[in-house]
There are 2 protein chains.
Amino acid sequence: MRQTLDFLLNDWLGVQDLTLRARFAEHSGETFAAVLDTCEKIAREKFAPIARLTDTEEPRFDGERVHLPAATKAATDAYVASGMLAAAQDYAIGGMQLPCVIEMAANAFFSKANVAIGAYAMLTAGNANLLMAHGTAKQREVFAAAEFEGRWFGTMCLSEPQAGSSLSDITTRAELEFAYDPLGSRFRLWGNKMWISAGEHELSENIIHLVLAKIPGPDGKLVAGARGISLFIVPKRMVGADGQLTGERNDVRLAGLNHKLGFRGTSNCLLNFGEAGEGAVGYLVGQPGEGLKCMFHMMNEARIGVGLGAAMLGYAGYEASLAYARQRSQGRAIGPAGKDAAQPQRPIIEHADVKRMLLAQKSYVEGGLALALLCARLVDEQHSGAADAAKEAKLVLEVLIPIVKSWPSEWCLEANSLAIQVLGGYGYTRDFPVEQYWRDNRLNMIHEGTHGIHGLDLLGRKVVMNGGEALLALAARINFTVEAALQQPELAELGNALAAALANVGRATKNAWSSGEPEEALANATPYLQAFGHLVLAWIWLDVALKAGQGAPSDFAQGKQAACRYFFAYELPKIEAWLGVVSRREPLCKDMPDAWF
Amino acid sequence: MRQTLDFLLNDWLGVQDLTLRARFAEHSGETFAAVLDTCEKIAREKFAPIARLTDTEEPRFDGERVHLPAATKAATDAYVASGMLAAAQDYAIGGMQLPCVIEMAANAFFSKANVAIGAYAMLTAGNANLLMAHGTAKQREVFAAAEFEGRWFGTMCLSEPQAGSSLSDITTRAELEFAYDPLGSRFRLWGNKMWISAGEHELSENIIHLVLAKIPGPDGKLVAGARGISLFIVPKRMVGADGQLTGERNDVRLAGLNHKLGFRGTSNCLLNFGEAGEGAVGYLVGQPGEGLKCMFHMMNEARIGVGLGAAMLGYAGYEASLAYARQRSQGRAIGPAGKDAAQPQRPIIEHADVKRMLLAQKSYVEGGLALALLCARLVDEQHSGAADAAKEAKLVLEVLIPIVKSWPSEWCLEANSLAIQVLGGYGYTRDFPVEQYWRDNRLNMIHEGTHGIHGLDLLGRKVVMNGGEALLALAARINFTVEAALQQPELAELGNALAAALANVGRATKNAWSSGEPEEALANATPYLQAFGHLVLAWIWLDVALKAGQGAPSDFAQGKQAACRYFFAYELPKIEAWLGVVSRREPLCKDMPDAWF
C-alpha cells in the first residue's frame, strides 16, 4: 500500500505544494514521510499483531470496570507517544501543524492494522478538535489539552435508544445549575445514550463525553426538533478548575456493552446519565441550542475518516487475498494447455476469474483511498488555500462528503467479500483475517449516517442547494479530467464514457426533481447515491490513470491504468440500471403498502 | 413464509398433479400439507430456539470427542423421529414415497430455523440416497438403511487440503485388501480430507463417510486426473456383515476442527485416514474409476439444496427485518407533512428507502425459493414424468443447476445485508439474529462448487452442449411465459423486457464463443453467470406474477406482483452491465500480469 499512498499524496495530490503555505512552512516531503514511516511502524508492530486478539477477547464488563486485553493499552499508549493526537494542532500547544491530508494518511495505517483499536484515538482527536473550535479558553486548556496529550480519551454521545438517525428526537435533559463555573456553564443531565463507542474503558485516566442534550424551555418542557439541542462536556471523573481530577466520579454509568458482529475491540456502550438522581455534571460548549451545529463542525472529517477506514479494511483484504492467490496452487489452464492432469497445478492468480476478483478489489480499495485522500486535501484547501480555491474546495467537498462516507463502505465491503471468495473455504475460517475484515467493515454503512441518510443528503440537499452550485463545481473538475483524457489517444474512449456518465447523472438529477415533489424525487435517493458514487470513482480513476501515465512506464503505473480500465469496463456501466428508476421517479417502493409485504 | 410456500407448491407448480402418478398415488394435497405442518412444527420448536446457542457454543474437540450442545442432539433426534430421512424412499423400506419437491419444501423449514443443524440430516439423506443408487444390495441394507433410520449419520469426503475445486488432484490412496468382503470389495485407505461437514460428532452411533480416493495402477502409482477416482464407504466404527457394530474403531481420525465465520453448528473437520499405518477400511461403491460419476449422481439435489438453504437464510432475515420495520419508529415523512417535530415518529416501514430494502429482500428470497422449488419439481419430472416431459425437464435442469446453486447464494446474502441495514445499529449486534444469517449465508458461494466454478460450468458446458439444446429448452419455457404476459395489458411491458433480456443473453452467449477460444469465451464467465441468473429470476417472477394474477385480488397477490415489478425495475437492467464484457470478450482480467497488482 505504501507505494500507492506515496504516489497518491506526492504525484497525484501534490501535497508538497502545501509546504509553501505559512502554516506548513516548516514541513517538507521528508517530514511528511517521517510521519508516515512512524505510523506505519507503530501500526505494524503494535496494532496489527493484536487484531485477532482484540476481536476474540471482546470488552467485558464485570459490574465495575470494562476489561480489554492488556495489549490494547500498549497499542493506544504507543499511539499517544507518537504525538499523533495533536498532529494537526498548532506548534504553540504541542501540535505538529500537519495538513489534514497527511494526518489522515498516517492514521490510515492504524485503520488498516486494527480498525477497532484505532478508533479510540480517532474519537479522542475528533473530540478535542471540536473543543478547539467551539470550547472556551478554559475548556480548551483543561479538556482538549489533556486529550491531545492522551491522558484523557473522548467520545461523541449523540444517539439514544429511541433516536438514532432522528437526532431531533433525543430526550436527554440538561438543567442549568450554575452559570459561572470556570469550566463553563454547569448543567445537570439526565438521559440515556446508545451506541457510544469507547464509552467506557480503563485505557486513559478519564473519559470526556461530548453529549447532545436539550435544555428545557421556561415551561420546563423540552423543545421538539433540532433547535433545542445543546452540547455539553460530561467527564467520567470530575475535574477541578485546575484541570486535576477531584477524585469524585460523575454520574455517568455504563448500562451495558453492545455485543457486535465486528469492530469488537472498540467498547460500545449504553450510558446512563444522572440515574442516581441529581444529574450528571456537564459544561455547556458553545451557545445553547447550537449543539448540532457544533457537532457537525467536525462531521466532514469524521465522515472522511469512516470512508478511509472502510477503504483500509478493503485494502487489508486485498493484500491478504493477493498474497494467497500467489502462493495457492489449484487447477490448470483453460483449454488444451490445461488438459494434462500430470502437470502440476498452477497458482490461482493465473485464473482469469481470480484476477477479476483481485482487479475488482484493487479498483475499489485504491479508488476509495484516493477519494478519501482527495477529500482530506480539499479540507486543507478549504482551511489554508486562497479565497477562491477555498470556496471551490468547500463546494466540491459538500457533494463529495456523502460519497466518501458511503461508497467505500459499500464497495470495500464487497472487496472484503471477494477476498473471502479468493481464499475459498480457507477464507471462511478464522485462521485467516479476511472474514474479520468483512465483519468489521459491515459497520461502516451504518454509523455516521446510514446509506439511506446520505442518499437523502446528496439528492435532497447537496446537489440542489444554491442552484446546484456544488454539483456544478464537481462537474467542472470532472470535465477538466475529461479534457485531459481526450488528449491521450489511449484514454480518449474512457474520457468520453466519463462525460456521458456525468451527463446521465445530471439528467437524472433534473428528472428526479422535475415534479418539484421531494417525496417523488427522493424515493430513489439510494440508487442515485450508488450511481453518483460510481461516477465519482470513475472520475477519480481516470484522473489517477492520467497521472500514472505521466511517469516512466512501470508495472506500478500499468497496474493503475488496468484498474482504471477495469472500473470503466465492469463498474461504470452499472449506473444506467440505478439511474433508470431515479429518472422516471419510479414510485413502486414509495407506494408499496405495508399489507403487501 | 408458509402462505407463499403453499402458493408456489399448489398454485404455481401444481404439485397435486403428481398424485396422479403411480408412485405418489397414495398421496394427496392433505398428506403433503401434513408433512409440511410436521416439519414446520419441529423446526419451530426444536431448531429455531437453539439457533444462537449452536452459533455460540461451537463444536469443541477434547482430543477424544467432539462436543456439541445437548440441544443439538434433541433437535436431530426429533428430525430422525419425523421419518424425513427416508421421505423420498419406497414404502417397502420404510419410506414415504414423497416427491422431491415436497421433501425439499419440508426440509426448507429446518434450513430457515437453523441451517447448521439441518445440515446433519441433509448430508445423511444425501449419503444414503447415493448408496441406494450405486451401492450393492448389502450396502443398501446395512449402511443406507441405518442412515434412513437415523441410527447412523453420513458425510461426503471430497476435498483435500491441496485439492478443493480441483478434485482430479486428490491423493488419497486406496489399496485392495480383499475383493469378496460381504460389504463390498474391501480396500485400505490413506489420506487427508478437508472441509468435511459433520465429519465427527456424537449425534449418532456411527458415521458413514463416502470417500473419494484413487486406486493405484499396476505400477503402484496414482493415475493423474479424474479418471482414477473411485468411491468408498469408510465407517467411523467398524461394521460386521450383519450390520452390527463390531466394537472396533476404523482408522479415521479427527485432525482438527475448522473454526468458521458462520454455519458454526455443523462440525467441519480435517480427517486423517489410515494415519496409524495399516490404512482405514473402505468398501468400494460402484465401479473402480467411477467415483466422481457416482458422487455427481446426487449433485443436482445437493446444489438445489444449497440454493434453497441460501434462500431460507434470506427469508429468515426478510421476516426479521420486516417485523422490526413495522415496530421501530424513527423519523418523519419527507416534505411538509414531516416538518412538525412535535408529532410522534413513524414506523420506519413508512420510509420509501426502507420499503426499497424490504422489496429487494422479498424479490430475492421469494424468487430464490420459487427457483429452488421449480428445480425440485423438475427433478420429479425427470424421474416420474412421461418420456418427453422427463427429457425436457432434464435439459432445463442442466442449465438451471448452476443458477439455483449460485444466484440465491449471492443475492440472498445481499438480502441478509439489507436486513442488517434495516435494523441499523441493532442489526449489527448479536442481540438480533440478522448478523448470524449473513455470516451463515456467506458459506453458500463457496461450498458445492464456488461461484467461479459454476460460471465455467454454465458458459463453458451447459449452454453449449449438444448444440445448445439445454439453453433452447429453457428459452422455450421463457418464451411461453413471455407469450402469456403479452396477453395481459398490465404485464405486457414486462413480457417485452423479458424477451429482450433473453435475446441479449443469447447474443452474449454467441459472441462469447464467436472466436471459438475457450480462454477468451470464459474469461468473463462469472459476469455471464450473474446476468443469466437475473434473466432466470425475471422469468420466475413474471411467471409467478401471472399465476398470482389469476386468483381473486388480494394483498398477497398484489405483493407478488409488486415484487415482480421491483425485480424488473431495479434488478433486470443490471444485466446490460454484466453482458457488455461477456459480449466483447473483454480480455482485461485474463491478460492482467501478476506484476501489475
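Begin the tour at A:G150: this glycine, just after α6(A), takes a positive phi of about 80°. The model on display is predicted.

**Helix α6 of chain A**

From A:G150, step back to helix α6, residues 137-148 of chain A, and select its buried residues: A:Q139, A:V142, A:F143, A:A144, A:A146, A:E147 and A:F148. Next, display the elements that surround these side chains. The buried residues of α6(A) pack against one helix, α5 of chain A. They also pack against the strands β3 (152-157), β6 (206-214), β7 (229-235), β8 (237-239) and β12 (280-285) of that chain.

**Two residues with positive phi**

Most residues other than glycine have a negative phi. Two exceptions merit a selection each.

Select A:Q97, which sits in the loop that joins α4 (70-81) to α5 (100-134) of chain A. Its phi is positive, near 50°, although the residue is not a glycine. With a relative accessible area of 11%, A:Q97 is buried.

Then move to chain B and select B:E448, in the loop between α11 (434-441) and α12 (451-462). Here too a residue other than glycine has a positive phi, near 55°. B:E448 has a relative accessibility of 30% and therefore counts as partly exposed.

**The annotated C-terminal domain**

Return to chain A and select residues 342-455. An unreviewed UniProt entry places the feature "domain: Acyl-CoA dehydrogenase/oxidase C-terminal" over this range. Coloured by secondary structure, residues 342-455 of chain A are 73% helix and 0% strand. The C-alpha atoms at the two ends of the range are 55 Å apart.

**The largest cavity**

Turn on a cavity display. The structure holds 10 cavities of 30 Å³ or more, and the largest cavity has a volume of about 80 Å³. Which residues lie nearest the centre of the largest cavity? Select A:A51, A:N114, A:V115, A:Q436 and A:D440, which hold that position among the 16 residues of the lining. Helices α3 (51-56), α5 and α11 (434-441) of chain A each supply at least two lining residues. The largest share, six residues, comes from α5(A).

**Cysteines of chain B**

Show the cysteine side chains next. How many disulfides does the structure hold over all chains? The number is zero. Select B:C100, which is in no disulfide; its nearest cysteine sulfur belongs to B:C375 and is 9.8 Å away. B:C100 has a relative accessibility of 10% and counts as buried. Select B:C589 next, likewise in no disulfide, where the nearest cysteine sulfur is that of A:C564, 14 Å away. At 0% relative accessibility, B:C589 counts as buried.

**The two copies together**

Finally, zoom out to view chains A and B together. A turn of 180°, with a shift of 0.0 Å along the axis, lays chain B on chain A with an RMSD of 0.0 Å. The two copies are therefore related as by a two-fold rotation axis. To locate this axis from chain B, select B:K574: of the C-alpha atoms in that chain, its own is nearest the axis, at 3.1 Å. Finish with the interface residues of chain B. Because 100% of them are also interface residues in chain A, the copies meet through the same surface.

Notes. Residues are numbered from 1 along each chain as its sequence is written. Chains are lettered from A and ligands numbered from 1 in the order in which they are written. This is a predicted model: local features need pLDDT of at least 70, side-chain atom pairs count only at pLDDT 80 or more; totals for chains, interfaces and linings use all residues. Side-chain values use heavy atoms; hydrogens and water are left out. Copies are superposed by least squares on the C-alpha atoms of residues with pLDDT of at least 70 in both. Contact means heavy atoms within 4.5 Å. UniProt positions are given in the numbering used here, feature names are shortened, and annotations may be inferred rather than shown by experiment. Helices (H or I, at least four residues) and strands (E, at least two) are DSSP runs, numbered from the N terminus. Buried means under 20% relative accessible area, exposed over 50%, partly exposed in between (1.4 Å probe, protein chains only). A disulfide is a pair of cysteine sulfur atoms within 2.5 Å. On a 1 Å grid over the protein atoms alone, a cavity is a set of points where a 1.4 Å probe fits but cannot get out, and a pocket is an open set with protein on both sides within 12 Å along at least five of seven lines; lining residues have an atom within 4 Å of a point. Grid points are joined across faces, edges and corners, and a volume is the space filled by probe spheres set on the points.
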